[in-house]
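Colleague: Could you take me on a close look at the surface of this protein, and then at the charged side chains that pair up on it and beneath it? I'd like to have the picture in mind before I go back to the bench.

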Amino acid sequence: MARGIMKRTVCAKSIFELWGHGRSAEELYASLKNYPVDRMLPYLQPDSTYKIRIHTFNKTLTQAQKIKKIDALEFLPFNGKVNLKNPEHVFWILEDYGMDPNNVPEEPFDLYFGRWIADGQRELIESYSVKKRHFIGNTSMDACLSFIMANHGRVKPNDIVYDPFVGTGGLLISSAHFGAYVCGTDIDYNTIHGLGKASRKNQKWRGPDENIRANLRQYGLEKYYLDALVSDSSRPVWRKGMLFDAIITDPPYGIREATRRTGSPKESVKSAEGSTENPVFISSSYHLSDIFFDLLKFAAEYLVMGGRLVYWLPIYRPEYTEEIIPRHPCLKLISNCEQMLSSHTSRRLITMEKVKEFKDQDQNSYLDDQYMPYRGHNSFREKYFSGVTKRIAKEEKDNQK
């Protein structure tokens, strides 16, 4: 089970079976002597091989210091042979010297000894880094966060994962890595087709092969790419029914990307009486609250039972309470994690699971009072920049002093 977790996580570096812990070397040794011998013996047999490694946090030890610490563990009943290249069992001494590089103590705050079980997938952050990616945009999701979102969505092989605000497809890549078939929509024609100005430094225009498919091809994941459509998320183009195992998305907040949807001039400006209707569609503003209520309604209708919706919700921290998280009677809130953006704003990674079949009466259930509180956050853009404006004004005032 532990190895299964570590095959997915990008947040954890390694996992160990803890044999001993202490605030000093003496405490660690006493702890190890109290550890049940019958739990140690399977890994200390005469026909086995092993090695001991030392890892220090916030301090570098010399090789002589490391050997001295390893030799001090000779009281443990190791009967196997040392094999530094390919051992059956690896044991670690972990020493924690705190977080302050300018004030490193002589002795560690905590010492641990344990049997190594598995490493996490931290290398995925580097191998899928946006810096090396073929096609990026202003809001391409960081690789680490993309994999965290895929894990929250419990994405597994042969799932169908959908992103209604797909952009440059960063969230599709992490899901495809785990073997899911991926698709998305976006209202921005240029982004879907990789046209227009480039977001990368020292590059003026996007190249002819910059697109979502090229990104998946770059990582050997093209076979999992279904397609991306130019479409308005507020007007679903899909046939009715439960289509998706997970919906994983990062809606626009109106900061670096505009919040837009399609609409006719008749919807935005009341026509004079007797005038003919203009069928041409225009781009109109799309309130943040409407984006999230539409998203929840879509998820309630199109997710399979037990499927998950994972999305980022922008928050103005002074006004935040858990009650403002948008709800839907078909969706159960699973987790709510915060990522700080500034002193006064953050975004919350919201994970919801479909627990009830969507019925016609659920169509407008979000209009009930219990699902309404997020409406106060339509001015997130103004509140976000108000903090920036205040900070600049304060800095200018301090400089004048």
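Modeller: Happy to! Let's start with a nonpolar patch on the surface: Y189, L195 and V230 make it together, and it covers about 270 Å². Please keep in mind that this is a predicted model. One member of the patch, V230, sits in strand β8, which runs over residues 225–230. V230 has a relative accessible area of 40%, so it counts as partly exposed.

There is a charged patch to look at as well. E26, E27, E106 and E107 form a negative surface patch. Within that group, E106 is found in the loop between β4 (89–96) and β5 (110–119). E106 is classed as exposed because its relative accessibility is 65%, and the cut-off for that class is over 50%.

Now to the pairs. Side chains of opposite charge can pair when their charged atoms come close. In this model the count comes to 14 salt bridges. One of them joins D110 to R23, with 3.3 Å between the closest N and O atoms. This pair ties together distant parts of the chain, 87 residues apart: D110 is in strand β5, while R23 is in the loop between β1 (14–22) and α2 (25–34). The two partners differ in cover: D110 is buried because its relative accessibility is 11%, whereas R23, at 55%, is exposed.

Another salt bridge links E222 with R213, where the closest N and O atoms are 3.4 Å apart. Here E222 is partly exposed, since its relative accessible area is 27%, and R213 is partly exposed too, at 30%.

For a pair under cover, turn to D250 and R347, whose side chains meet in a salt bridge at 3.8 Å, N to O. Again distant parts of the chain are linked, 97 residues apart: D250 belongs to the loop between β9 (244–249) and β10 (260–263), and R347 to strand β14 (residues 345–354). D250 counts as buried because its relative accessibility is 16%, with buried meaning under 20%. R347 is buried as well, at 11%. Beyond single pairs, R154, R308 and E353 are joined into one network by salt bridges that share partners.

One last charged residue deserves a glance. R133 lies in the loop between α5 (123–127) and α6 (143–152), and with a relative accessibility of 2% it is buried. From R133 to A214 the C-alpha to C-alpha distance is 9.5 Å, although 81 residues separate them in sequence.

Notes. Residues numbered from 1 in each chain as written. Predicted model: local features only at pLDDT ≥ 70, side-chain atom pairs only at ≥ 80, totals over all residues. Heavy atoms only, no water. Patch = residues over 30% accessible without salt bridge, like charges linked within 9 Å, V, L, I, M, F, W, Y side chains within 5 Å. Areas by Shrake-Rupley, 256 points an atom, 1.4 Å probe, with all protein chains shown as cover. Salt bridge = Lys/Arg side-chain N within 4 Å of Asp/Glu carboxyl O. Lys, Arg positive; Asp, Glu negative; His and termini not counted. Charge placed at Lys NZ, Arg CZ, Asp CG, Glu CD. Helix = DSSP H or I, 4+ residues; strand = E, 2+ residues; numbered from the N terminus. Buried < 20%, exposed > 50% of the residue type's maximum accessible area, 1.4 Å probe, protein only.
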